[in-house]
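Hello,

Please find the structure below, passed on for your files. My notes on what was found follow after it.

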Number of protein chains: 2
Amino acid sequence: MSGADLWSLYRSFLAVMREGSLSRAAALLDLSQPTLGRHVEALEQALGGALLFTRHPRGLMPTENAHAILPHIEAMDAAADAALRAASAPASSLSGVVRIAASEVVGAEVLPGILAPLREAHPGLVFELALSSRAADLLRRDCDIAVRMVRPTQGSLVAVKAGTVKVALYAHRLYAARHGLPRTPDDLGAHALIGFDRADPFLARAAGALKLDRAMFALRVDNDLAALAALRAGFGIGACQQPIAARDADLLPVLPRVVAFDMEIWIVMHGALKRVARMAAVFDHLARQMRAYARGHSPERAG
Amino acid sequence: MSGADLWSLYRSFLAVMREGSLSRAAALLDLSQPTLGRHVEALEQALGGALLFTRHPRGLMPTENAHAILPHIEAMDAAADAALRAASAPASSLSGVVRIAASEVVGAEVLPGILAPLREAHPGLVFELALSSRAADLLRRDCDIAVRMVRPTQGSLVAVKAGTVKVALYAHRLYAARHGLPRTPDDLGAHALIGFDRADPFLARAAGALKLDRAMFALRVDNDLAALAALRAGFGIGACQQPIAARDADLLPVLPRVVAFDMEIWIVMHGALKRVARMAAVFDHLARQMRAYARGHSPERAG
DNA sequence: AGTCTGATATCCATATATGAATGTCAGGCG
DNA sequence: CGCCTGACATTCATATATGGATATCAGACT
């Protein structure tokens, strides 16, 4: 193997880390098990003889050294995927793949209506949505464009603020008919509150301001979409972005002006991607339409 | 070449982009020119037949498609380098390579005194300093640990605030003896001001607050170290971090309490690097010693 | 205890990528 | 005008990585 190309060895290493065995890694890469074994061996030698795996009858156990380089190799993988997306169509054409990261709620409730007309205008466009409750990793190139709720500070990122969206409390008309609505924040304790199991920056702020704690929530979900569904189903009182709630006449504001938080919306991408026509086009479109969304225009009517 | 490993083709592509010709790229990678030619050809085919270079009698001219994927491949390269650093010594040992990004001033005036004792204690440590006036790219893994002046927002980064440092105006005693010192901000216009040619966030703020513009600077340098040297040489009045100026009894404060800005100091690294013993050790050491620096303790006496 | 399973190591014929030498081409320069 | 230079393309013998078959091993299960 001599001084064989380290990069391809990294790729094999990553496959072995993910699959846990040479055989499965071989199947993943469409290579053979002996080849993967040789790659791992060669990599260990190229890295100064460091042991990467302890050979086990049930597979290969990664050592601490393997864990140390893994995040970097994963970053390489994400960048390689990004390169594939960038090369999915000529850079100057308005077609090809664009991967967008956003929160689950934005991805499910807002983006479809925004992206559909763009797709109609440019049928060659292919969208990938990376929806995650936690901020997706633009820095690792896991996506091309991100819809964020905090201003990015990294210098090489291009960011546009699309406006601010109010997050407030709502309840379905049916729930209000059965239980009434609170008149003061202190009344909230007597109601069925839809909360969040995980630490959400906004909800945490809200909970702190209202002196709520987890025990007071009648429904705790680690999924914003499920919480939204529960709100619409009349389960109780929950938080919702104002423009989304405004679409549904059956959702009534709860304690408006008392409980409301401003959430910034930012569209972010790597500055270098401006050279790729479709990336720039999608970025501009997102910035424009998210701005309309923030102003309260329903995305279905936009574009 | 068939479905050969894309990752090694990327590496060849990067070399060709950097060198501008197959022959020089071959020399760089210790391969032959025909091999590089085949790699480029194979990559073009693997990427759906996209043209990456126009063959020119003086070399290969990258197409727009090549420019589109280049930043991603560079990110792969940075990650590969980071992996090499991570593998430069066993993960559990306090030896091996650590790459630190910082501003030129911090790298030249502060870090040496902080790193020296750590190196004495652990002779196996090897430091790489990436000093750059613009924020170095932690997100691209161009370094392992960064000393920053803004709080990072990316979730996967570990950040510790080491305190705040005052940036204020100073002048050398000799300059003061010859020209006196201003008593009010308006007096500044009559003095030799050492300014900065580029856009510096802090200096921009300072200039705005003092109603200075570029034309008023008697010396414009795009290099903080040269500006510091000019200040020490008695050229005129310039900005300097207070703990650095305090070391030199000949540097006199100018308009203290009138012109001063607080600069935050953050130590940042990727969270995953905490697993690597030397990374965690250097991170903790930097956080501790930079905190001492921010409190005014000279790093030479620290540690 | 015996057997079965799923894993890694070993071996050798083969497919494949590689490199040295050579051919080809376009522009610079005397 | 013609040589020289530095580039890419082509060719073919060689070195090298690959894959299939096989051996081996440790634990799970009956």
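To begin with how the copies meet: 100% of the interface residues of chain B are also interface residues in chain A, so the two copies meet through the same surface. Please keep in mind that this is a predicted model.

The symmetry comes next. A turn of 180 degrees, with a shift of 0.1 Å along the axis, lays chain B on chain A with an RMSD of 0.1 Å. That is the relation of a two-fold axis. Within chain B, the residue that comes closest to this rotation axis is B:Met76, with its C-alpha at 2.2 Å.

B:Met76 is also one of the contacts of B:Tyr10. Neighbours within four places in sequence aside, B:Tyr10 is in contact with A:Trp7, A:Ala80, A:Ala83 and A:Leu84 from chain A, and with B:Leu43, B:Leu47, B:Ile73 and B:Met76 from chain B.

B:Tyr10 belongs to the largest nonpolar core, which has 64 residues. The members that touch the most others are Trp7, Tyr10 and Phe13 of chain A and Trp7, Tyr10 and Phe13 of chain B. In each of chains A and B, helices H1 (6–19), H2 (22–29), H3 (33–46) and H4 (64–86) give two or more residues to this core. In soluble globular proteins, nonpolar side chains tend to be buried together.

One residue from another part of chain A: A:Asp284 lies in helix H10, residues 277–294. Its relative accessible area is 41%, so A:Asp284 counts as partly exposed. A:Ile267 is 17 residues from A:Asp284 in sequence, and their C-alpha atoms are 8.9 Å apart.

Regards

Terms used. Residues numbered from 1 in each chain as written. Chains lettered and ligands numbered in written order. Predicted model: local features only at pLDDT ≥ 70, side-chain atom pairs only at ≥ 80, totals over all residues. Heavy atoms only, no water. Core = buried A, V, L, I, M, F, W, Y, C linked by side-chain atoms within 4.5 Å. Buried < 20%, exposed > 50% of the residue type's maximum accessible area, 1.4 Å probe, protein only. Helix = DSSP H or I, 4+ residues; strand = E, 2+ residues; numbered from the N terminus. Contact = heavy atoms within 4.5 Å. Least-squares fit on C-alpha atoms with pLDDT ≥ 70 in both.
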